[in-house]
Amino acid sequence: MTITLDSPVGNAPLAQPLTLTYAQAAAFALEQALERDSNVVALGEDLGRGGVFGQYRDSEGKPLAQRFGAQRIIDTPISEAAIVGAAVGMSLAGLLPVVELRVIDFALCAIDEIVNQAAKNRFMFGGQKRVPVILRMPIGLWGCSAAQHSQSLEAWFTHIPGLTVVCPATPQDNYTLLHAAMASRDPVIYLEHKELWGLRGDVAVLEAGQSGSQAAPAELGKAAVRREGRDVTIVTWSRTVHEALQAAQTLYAEGIDAEVIDLRSLWPWDRDTVFASAAKTGRVLVVHEAVQVGGFGAEIAATIAEHTSASVARLGAPRVPVGYGVLEQASRVDAAKIAARVRTLHRPA
C-alpha cells in the first residue's frame, strides 16, 4: 500500500477517503506529525523495525526509522522506567515525545514516572512547564496471551489528576485522536486495543490536498453516537464498541432498539451526550472489557444515577486473571453477553 498526500507528506494528490487498518491510521498520523514538527520524536522498544504491531511503519510499509533516522525514532533498552523517565525529561526540554510501551501491562514498570512525574509536574511547579508526552499503552485481550499481556487498566489512569485518557475504537479515530492528543500539550494515556490493529476502515485525513475531503479535527472529550436507538443506551469504548453494535443488531430483531455511544475518551468524558441519551431511553448499560469491580464504568454509572432518572446497570469482566486458551473466553465481554444483560435491563411496559 502506498499513500501520498498533496502536502508535505508524499508527492501526489490523495484519493479520499483512504482505507487503512487501525495500526496504519495511527502510523500515518505520527508520520504527518514527524514531518511537520521537528520537535516530535518517538521512543520505545522495537521501533527501529516498525513496532511489534507495525504501528511505526510509514505509508509504504517501511519502518519510520528508515525515513526519520535514529535520533527521532529511538530504539530503547528494555526498561519502561527509563523510557518514560527520558520522555518526561524530553517534554520538559521542549520536545513532544510519543512513547511506545508495547502493552499496558508493561506500563506498571513505569508507574512512578507516569503518576508522580508526568501527571503532576505542571501543577507542582506553577505551570512553568507543560508535559506534552503521549503514552501509547495497548489494552485488552490479545488472543492466547494470558494474564500478563491482556489487561485493561484504564481505570487506574482516569483516577490520576493531570492525565488525559483516550480510547480510540476505529481507524478514523486512531488517526484523528492521535493528532488531537499531540495537540493537547499535556500527558495523554493513549489506549489502543491489541485486537483492533488489523481492523480496516475509511480514514479521511487532515490537511489533505484539494483532490479529496478532509477530516474534522477531533475534540478530546467528545463521544460518538455509533447507533441511534430509543429503548436503551449502551455506553462503551474501545473494542467493546464493536461487540455492542453487534449486540444491538441482535436486539433490534427482537424488538429492542439500542443506542450505542462510543465515549472515545475517558477523561474528559462526554457527560452531555450520555445524559441526553439516558433522558431519551430511560435505561443505560455501561459496558467495558476491564474487570467490572472498580472499573471506570462504575464512575459513569454513578454519575448517570446522580444526574438523571434513568435505570443504570454495568457489565464488565469477572475479577479473575485472564486465562490461557479456552479459559480466556470467560473474561471476554462479547455481543452475546451484552445482549443478555440488556434483556434483563429492558422491561417493556
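Me: Where is the place of G316 in this structure?
Reply: Happy to start there. This is a predicted model, and in it G316 sits in a strand that covers residues 311-317. The name of that strand is β14.

Me: Is G316 buried or exposed?
Reply: The relative accessible area of G316 is 14%. Buried means under 20%. With its 14%, G316 therefore counts as buried.

Me: Which residues is G316 in contact with, leaving aside its neighbours within four places in sequence?
Reply: One partner, V333, lies 17 residues away along the chain, and the C-alpha atoms of G316 and V333 are separated by 6.5 Å. The full set of such contacts for G316 is H288, A290, Q292 and V333.

Me: Let us step back. How many helices and strands does the protein have?
Reply: Strand β14, the home of G316, is one of the strands. Counting over the protein, the secondary structure comes to twelve helices and 14 strands.

Me: Why is the protein said to be as compact as a globular protein of that length?
Reply: For 349 residues, the globule rule gives 20 Å. The radius of gyration of the protein is close to that value, so the protein is as compact as a globular protein of that length. The radius of gyration itself is 20 Å.

Me: What does the C-alpha trace span along its principal axes, and what share of the residues count as buried?
Reply: Along the principal axes, the trace spans about 65 × 45 × 45 Å. Of the 349 residues, the share that count as buried is 57%.

Me: What share of the contacts with a separation of 6 or more comes from residues 24 or more positions apart?
Reply: A336 and A244 give a feel for positions that are distant in sequence: they are 92 residues apart along the chain and 9.2 Å apart in space, C-alpha to C-alpha. For the contacts of the protein with a separation of 6 or more, residues 24 or more positions apart account for 78%.

Me: Is A336 buried or exposed?
Reply: A336 is found in helix α12, residues 335-345. Its relative accessibility is 54%, and exposed means over 50%. A336 therefore counts as exposed.

Me: Which strands are joined to β2 by bridges?
Reply: Five bridges join β2 to β4, and these two strands run parallel. Here V41 stands opposite P97, and G44 has E100 as its bridge partner. Three bridges join β2 to another strand, also parallel, where A42 is partnered by I73. The strands joined to β2 are thus β4 and β3.

Me: How many residues of strand β2 are buried?
Reply: Strand β2 takes in residues 40-44 and is mostly covered. On one side V40, A42 and G44 are buried, and on the other V41 and L43 are buried too. The count for β2 is five of its five residues.

Me: Which residues of β4 are buried on each face?
Reply: Strand β4 is mostly covered, with five of its five residues buried. One side holds L96, V98 and E100, and the other holds P97 and V99.

Me: In β5, what is the bridge partner of E100?
Reply: Strand β5 covers residues 134-136 and runs parallel to β4, with three bridges between them. In β5, the bridge partner of E100 is R136.

Me: What kind of peptide bond joins W267 and P268?
Reply: P268 lies in the loop between β12 (265-267) and α10 (271-281). Most peptide bonds are trans. For the bond between W267 and P268, omega is about -5 degrees, and the bond is cis.

Me: What is the phi of S238, and what is the phi of R264?
Reply: Most residues other than glycine have a negative phi. S238, in the loop between β10 (232-236) and α9 (240-253), is buried at 3% relative accessible area. R264, in the loop between β11 (258-262) and β12, is buried at 15%. Neither is a glycine, yet phi is positive in each: about 60 degrees for S238 and about 70 degrees for R264.

Me: How far apart do the centres of the positive and negative side chains lie?
Reply: The protein has 31 positive and 36 negative side chains. The centres of the two sets lie apart by 3 Å.

Note on methods: Residues numbered from 1 in each chain as written. Predicted model: local features only at pLDDT ≥ 70, side-chain atom pairs only at ≥ 80, totals over all residues. Heavy atoms only, no water. Buried < 20%, exposed > 50% of the residue type's maximum accessible area, 1.4 Å probe, protein only. Helix = DSSP H or I, 4+ residues; strand = E, 2+ residues; numbered from the N terminus. Pairing = 2+ DSSP bridges. Rg over C-alpha atoms; globule rule 2.2 N^0.38 Å. Contact = heavy atoms within 4.5 Å. Lys, Arg positive; Asp, Glu negative; His and termini not counted. Charge placed at Lys NZ, Arg CZ, Asp CG, Glu CD.
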